[in-house]
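Trainee: I have a chain to look at and some labels to justify. Can we take them one at a time?

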Amino acid sequence: MALFSPTRSIISAQFIRQSRNFATVSPVTGVNRNHKIVVVGGGSAGLAISHQLLRQGKFSQDDIAVVDPASWHHYQPGWTLVGGGLKTKESLRKPLSSLIDPKLRFYNTGVDGFSPDDNFITLRNGEKINYDHLVVVPGIIVDSSSVRGLSDALSNPDSFVSSTYHYDNCDKVFGTIQKLRKGRAIFTQPAGIIKCAGAPQKIMWLALDHWKRAGLYDVKNPSTSAINITFATGLPTMFGVPKYSAKLEELRIERCVDGLFQHDLIAIDGNTATFARPDGKAQVTKKFDLLHVVPKNRPHDFIKSSVIANDAGFVDVNEDTLRHQRYHNIWSAGDASNLPTSKTVAAITGQAPVLVRNLLSTIEGRDPKTTYDGYTSCPLLTEYGKVILAEFKYGGVPKETFGRWLSIDQAVPRRAFYYMKKDFFPWVYGKYMVKGTWGGPKGWIN
Ligand code: UQ1
């Protein structure tokens with residue numbers, strides 16, 4: 001890395017200058033901790049960013065702190081595989097403390113508030129933590145209370161209502177798929193922003209394949225099938241990127257899945273699902289025998305209520321540099337940020353190195369020059385053994401890794417992509433990405 005001069009004394013001098021710049025603005029009393037960089041969040045963004053920073057070799061013991069109240073770190077992209085009976089949920093989690101390098105200071109607690117004008121955060125236990133730079137990556141909340149009746153239905157072991165979006169529930173999904181012998185199966189996706197917008201239909205395609213193999217669903221003749229399948233989405237199309245949406249719509253029609261577009265699930269009452277419609281249209285109710293629900297996602301209250309959030313509650317960063325629009329020592333990425341791209345682990349592989357490079361440049365007194373192009377990806381399971389590897393950047397423009405080398409079309413479902421999704425990505429994530437040495441399509445880094 002040529003970003004820093006090689007000697008530590010020069011680095012320290014730079015940090016001191018930087019701290020003075022920020023800390024002399026308004027001295028704070030009662031602050032009892034100091035770190036050069038504080039990272040709020042120990043999810044995929046928090047671990048990738050804090051370890052990429054540490055690997056620059058420019059930071060000493062406890063220069064960087066990570067704050068997160070969680071006991072466990074989850075590989076959430078794997079929860080669809082749990083829903084499809086392909087993995088156990090326990091195999092996808094590790095104690096968070098075991099993933100944090102001992103050179104980082106770990107505060108295993110939540111954040112109560114931000115004081116960006118005075119460069120400190122307040123922890124839930126009242127402790128104040130001073131920083132030179134703050135990285136805000138706490139993720140987003142999957143909000144079961146967004147659908148009336150959902151929490152009770154999910155926790156009832158006899159109901160056929162489940163969700164791959166919750167750790168507690170993702171292992172209920174496959175049981176409901178296996179137990180259903182006839183009737184209507186509805187898979188929902190809410191209106192609004194959710195993490196991994198392709199996931200609500202991945203589990204549907206696996207369930208369809210399962211019922212097809214069990215002789216309960218005849219793709220050629222759905223009217224005589226024991227089971228019929230509906231995709232009820234709050235959105236107007238199958239997917240946000242036209243190229244992949246066209247392919248998924250083709251699959252939906254070919255496989256005779258009913259499409260209810262702009263149908264936003266708001267309530268569950270026994271075996272009845274109620275959907276809101278846009279433009280003042282009357283609500284729609286549907287009876288179901290199996291319901292897979294994706295609840296709405298919403299920003300954490302401690303972000304939404306803070307001055308670092310935009311009106312929608314997302315951390316308001318520049319979409320190219322990932323630096324806060326107003327506070328130039330605050331950075332964000334991932335699900336908590338306002339970056340107008342799909343919220344996935346793949347997106348973090350693009351965002352983390354840009355954030356790290358720009359933060360280090362800023363410490364050195366230079367303008368952030370590295371830009372993020374919006375790269376994200378959605379490995380879309382279309383059946384057992386096949387995946388469409390959607391990869392795209394800002395504006396929904398495809399940016400396909402293998403298309404470039406092998407001139408293949410990644411909208412075609414392929415077996416190789418299935419094994420990447422099921423085996424390679426979880427492996428490379430756990431072994432390299434959380435340690436800061438995986439750069440997604442760029443391969444191994446640092
Ligand atoms: C990736 O790196 C990654 O994380 C480990 C994923 O996990 C969920 C992905 O889905 C994708 C697409 C990538 C990108 C990497 C390549 C080689 C395309």
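Mentor: Start with overall size. This is a predicted model. A compact globule of 446 residues would have a radius of gyration near 22 Å, and the protein chain has 23 Å, so the two agree.

Trainee: What box do the C-alpha atoms fill along the principal axes?

Mentor: Roughly 75 × 50 × 40 Å.

Trainee: What makes helix α2 largely enclosed by the rest of the structure?

Mentor: Buried means under 20% relative accessible area. In α2, residues 44-54, 11 of the 11 residues meet that cut-off, so the helix is largely enclosed. Among them are S44, H51 and Q52, along with L47, I49 and L53.

Trainee: Which elements do the buried residues of α2 pack against?

Mentor: Contact means heavy atoms within 4.5 Å. By that test the partners are strands β1 (33-40), β2 (64-67), β3 (72-74) and β8 (128-136), plus helices α9 (345-363) and α11 (415-431). The whole chain has 11 helices and 22 strands.

Trainee: How do you know what share of the contacts joins residues at least 24 apart?

Mentor: Take contacts between residues at least 6 apart in sequence. Of these, 66% join residues at least 24 apart.

Trainee: How much of the chain is buried, and what area is exposed?

Mentor: Buried residues are 57% of the 446. The exposed area is about 18300 Å², with carbon and sulfur atoms supplying 50% of it.

Trainee: How many side chains are positive and how many negative?

Mentor: There are 54 positive and 39 negative side chains. The centres of the two sets lie 5 Å apart.

How values were computed. Residues numbered from 1 in each chain as written. Predicted model: local features only at pLDDT ≥ 70, side-chain atom pairs only at ≥ 80, totals over all residues. Heavy atoms only, no water. Buried < 20%, exposed > 50% of the residue type's maximum accessible area, 1.4 Å probe, protein only. Helix = DSSP H or I, 4+ residues; strand = E, 2+ residues; numbered from the N terminus. Rg over C-alpha atoms; globule rule 2.2 N^0.38 Å. Areas by Shrake-Rupley, 256 points an atom, 1.4 Å probe, with all protein chains shown as cover. Lys, Arg positive; Asp, Glu negative; His and termini not counted. Charge placed at Lys NZ, Arg CZ, Asp CG, Glu CD.
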